[in-house]
Amino acid sequence: MMELLLNDLAVDCIIGERADERNRAQRLRVDVALKVEGKADETDDLADTVDYAALADRIRSALVEAKCKMIERAARIVYELCLEEKRVASAEVAVTKAGAVAGLGSATVKYRG
């Protein structure tokens with residue numbers, strides 16, 4: 001089994017509880033760690049692993065569509081999306097939102113099932 005890491009995926013989407021946050025896109029940073037059952041290390045074939053470019057696109061689209069209020073919800077959406085991949089045995093997701101609170105660099109939630 002291999003671990004596949006998607007690091008620092010930028011997603012511009014509606015995220016936040018406050019009224020001013022519901023009208024403008026903000027940037028989230030998404031990190032994903034996947035345990036992958038596959039043999040691409042032997043075959044060198046995309047069919048034997050997770051197509052991380054396609055997964056990144058699906059993550060972006062899902063978060064844009066969801067318009068979450070909470071980063072906790074965003075993390076769960078990404079987690080569930082990752083588990084839909086047939087070769088993924090487990091996933092851990094971190095979603096980071098910067099600049100939401102004065103004086104706070106960022107807030108991150110980690111989700112794993």
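**Two helices, no disulfides: a Q&A**

User: At roughly what angle do the axes of helix 2 and helix 3 cross?

Analyst: Helix 2 covers residues 52–66 and helix 3 covers residues 71–83, and their axes come within 10 Å. Helices here are DSSP runs (H or I, at least four residues), strands are E runs of at least two, and both are numbered from the N terminus. Axes are lines fitted to C-alpha atoms, for helices over the stretch in contact, with angles from 0 to 180 degrees between N-to-C directions. On that scale, the crossing is roughly 140°.

User: What kind of model is this, and how are residues numbered?

Analyst: Side-chain values use heavy atoms, without hydrogens or water, and residues are numbered from 1 along each chain as its sequence is written. Local features need pLDDT of at least 70, side-chain atom pairs count only at pLDDT 80 or more, and totals for chains, interfaces and linings use all residues, since this is a predicted model.

User: How do the residues of the contact of helix 2 with helix 3 divide into nonpolar, polar and charged?

Analyst: Contact means heavy atoms within 4.5 Å. Helix 2 brings L55, R58, I59, A62, L63 and A66, while helix 3 brings A74, I77, V78, L81 and C82. Ala, Val, Leu, Ile, Met, Phe, Trp, Tyr, Cys and Pro count as nonpolar, Asp, Glu, Lys and Arg as charged, and the others, Gly among them, as polar. That gives ten nonpolar, no polar and one charged.

User: Is C82 buried or exposed?

Analyst: Buried means under 20% relative accessible area, exposed over 50%, and partly exposed in between (1.4 Å probe, protein chains only). C82 has a relative accessible area of 0%, so it's buried.

User: Why does C68 make no bond with the closest cysteine sulfur?

Analyst: A disulfide needs a pair of cysteine sulfur atoms within 2.5 Å. For C68, the closest cysteine sulfur is in C13, and that is too far for a bond because the gap is 7.1 Å.

User: How many disulfides does that rule count?

Analyst: C82 doesn't help either, because its closest cysteine sulfur, in C68, is 14 Å away, too far for a bond. By this rule, the count is zero.

User: Which residue in the loop between helix 2 and helix 3 has a positive phi?

Analyst: The residue has a phi of about 50° although it is not a glycine. Its relative accessible area is 47%, so it counts as partly exposed. The residue in that loop is K67.
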